[in-house]
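Let's walk through this fold together, sheet by sheet and then helix by helix. Here are the sequence and the model to keep open as you read.

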Amino acid sequence: MKTKHLKPLLVVFVVAVSLLGGSSVCPPAEANDKPIKLTYAFFAPAGTFPGKQMAHWAEEIEKRTEGLVKVQTFPGGTLLGARDMYDGVSSGVADIGLGSPSYDPGRFPLTSGVALPVKFPNATVASLTLLDLMMEFKPAEYEPFKIITMFTTEPGHIQSRDPVASLEDLKGMKLRAAGTGVPVLKALGAAPVGMPMPQVPESVQTGVIDGTMTSREVLKDFKLAEMLHHVLEYPTVVVTFAAVMDKKKWDALPDKVKKVIDELAREMAIWTGQYHDKQNVGEALAWAKKEHDLQIHTLSEEETAKWDALLAPMVQTWTEEMEAKGLPAAKFLERLRQLRDQYAQEYQ
Ligand code: DTR
């Protein structure tokens with residue numbers, strides 16, 4: 001009897017909240033709604049910023065569907081590793097997988113355009129640009145998937161055992177990057193190695209590599225500052241992340257759940273970018289300076305111009321290669337620059 005009267009009230013409340021611009025919640029769960037369980041895999045530890053993103057998403061989904069959807073997270077590569085993430089989602093090992101398209105530019109050719117040296121100011125701007133581009137261009141590389149959210153790191157920095165302040169210092173240095181960062185290091189004259197992030201600490205320890213080029217929070221989140229005491233203040237390219245779900249699995253979800261997931265895609269890109277830009281990287285740098293005497297180096301103006309000149313042709317080369325494959329690379333880059341400049345005004 002009571003619930004009968006309460007229900008219309010609740011509906012009015014939900015509608016009012018959505019009209020007020022608050023995030024919408026699902027219509028209240030019906031008695032015959034079957035609980036939905038989703039497994040969500042990530043290849044790196046829960047404490048890293050993509051791991052925190054995963055936990056936050058899971059919490060929000062549960063909250064906004066009023067418990068109808070329960071998400072079980074598997075960070076740290078416990079269900080799927082960096083290299084088998086996307087195939088694992090296709091074959092049903094996990095319902096959702098958070099991987100890095102930057103690790104496999106051949107499989108995600110258009111996405112790799114976001115990891116070119118195009119001078120994104122920060123992760124938030126790059127993340128929103130990436131997500132918008134994917135929604136607008138709908139590249140075939142995500143054909144079997146539904147995109148849950150996307151985001152990027154800040155532009156990567158060279159973090160090394162020995163100081164780097166010139167091209168001369170970099171010559172032949174064994175530096176690791178995500179696949180999309182390899183051509184950058186090559187153009188600058190280093191000896192690049194492509195390798196997923198979780199392998200980096202051991203590879204530094206055993207001397208397989210002399211450092212890495214990626215976002216700077218890894219100094220703390222992967223304890224790299226214990227071995228890498230030098231960072232070069234020269235922002236290079238971002239690394240992309242994409243959380244995806246198998247399309248068939250997605251199609252089977254109730255509309256009200258789909259709506260909540262769609263609404264969260266953009267919110268998560270902003271949430272993750274802001275956490276990474278405003279807190280995560282800064283805290284790591286402060287910690288590394290205090291605990292491990294981290295040294296920050298800068299390039300002279302003349303040297304900066306030389307580095308920029310070496311990287312500039314990469315954009316043209318990429319465009320030609322992608323156009324030859326029949327991809328709309330020139331249009332993609334034009335739109336990328338528009339979105340980058342637009343979001344840069346909003347997210348400094
Ligand atoms: N995809 C990484 C970038 C990276 C930066 N921070 C983290 C944290 C957890 C996993 C990956 C990353 C790279 O390979 O550079």
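## Ground rules

Helices (H or I, at least four residues) and strands (E, at least two) are DSSP runs, numbered from the N terminus. Please keep in mind that this is a predicted model.

## The long stretch of α10

With that naming in hand, helix α10 is a good place to begin. Helix α10 covers residues 255-292 and bends by about 40° at His276. Just after α10 comes Asp293, with a positive phi of about 55°.

## The five-stranded sheet

One open sheet is built from five strands, in the order β2-β1-β3-β10-β4, with mixed pairing. Its edges are β2 (69-74) and β4 (145-152), each of which pairs on one side only. From one strand to the next, the twist averages 20°.

Inside this sheet, strand β3 (residues 96-99) pairs with strand β10 (residues 240-246) in the antiparallel sense, over four bridges. If you would like a spot to look at, find Ile96, which stands opposite Met245 in β10. Helix α4 (residues 123-137) packs on the sheet and touches β4 and β10, and its direction makes about 155° with that of β4. Helix α10 also packs on the sheet, touching β1 (36-42), β2 and β4, and here the angle between its direction and that of β4 is about 15°.

## The six-stranded sheet

Six strands form an open sheet, again with mixed pairing, and their order is β7-β6-β8-β5-β9-β11. The edge strands are β7 and β11 (295-297), and each pairs on one side only. Ignoring direction, neighbouring strands of this sheet are turned by 25° against each other on average.

Two pairings show both senses. Strand β6 (residues 174-177) runs parallel to strand β7 (residues 191-194), and four bridges join them; Lys174 is found opposite Ala191 in β7. Strand β5 (residues 157-160) and strand β9 (residues 230-232), by contrast, are antiparallel and share two bridges, with Gln159 having Val231 in β9 as its bridge partner.

What handedness does the β-α-β unit of β6, helix α6 and β7 have? It is right-handed, with α6 spanning residues 182-187.

## Two helices in succession

Finally, look at helix α11 (residues 301-311) and helix α12 (residues 313-324). Their axes lie 5 Å apart, and the helices pack at an angle of about 5°. Angles under 35 degrees count as roughly parallel, which makes α11 roughly parallel to α12.

Which residues of α11 and α12 meet? On the α11 side they are Ala309, Leu310 and Leu311, and on the α12 side Pro313, Met314 and Val315. The residues of this contact divide into six nonpolar, no polar and no charged.

Methods:
Residues numbered from 1 in each chain as written. Predicted model: local features only at pLDDT ≥ 70, side-chain atom pairs only at ≥ 80, totals over all residues. Heavy atoms only, no water. Axes fitted to C-alpha atoms, helices over the stretch in contact; angles between N-to-C directions. Parallel < 35°, antiparallel > 145°, perpendicular 65-115°, else oblique. Contact = heavy atoms within 4.5 Å. Nonpolar A, V, L, I, M, F, W, Y, C, P; charged D, E, K, R; others polar. Pairing = 2+ DSSP bridges. Right-handed = clockwise from strand over helix to strand, strands pointing away. Bend = angle between axes of the 7 residues up to and from the residue.
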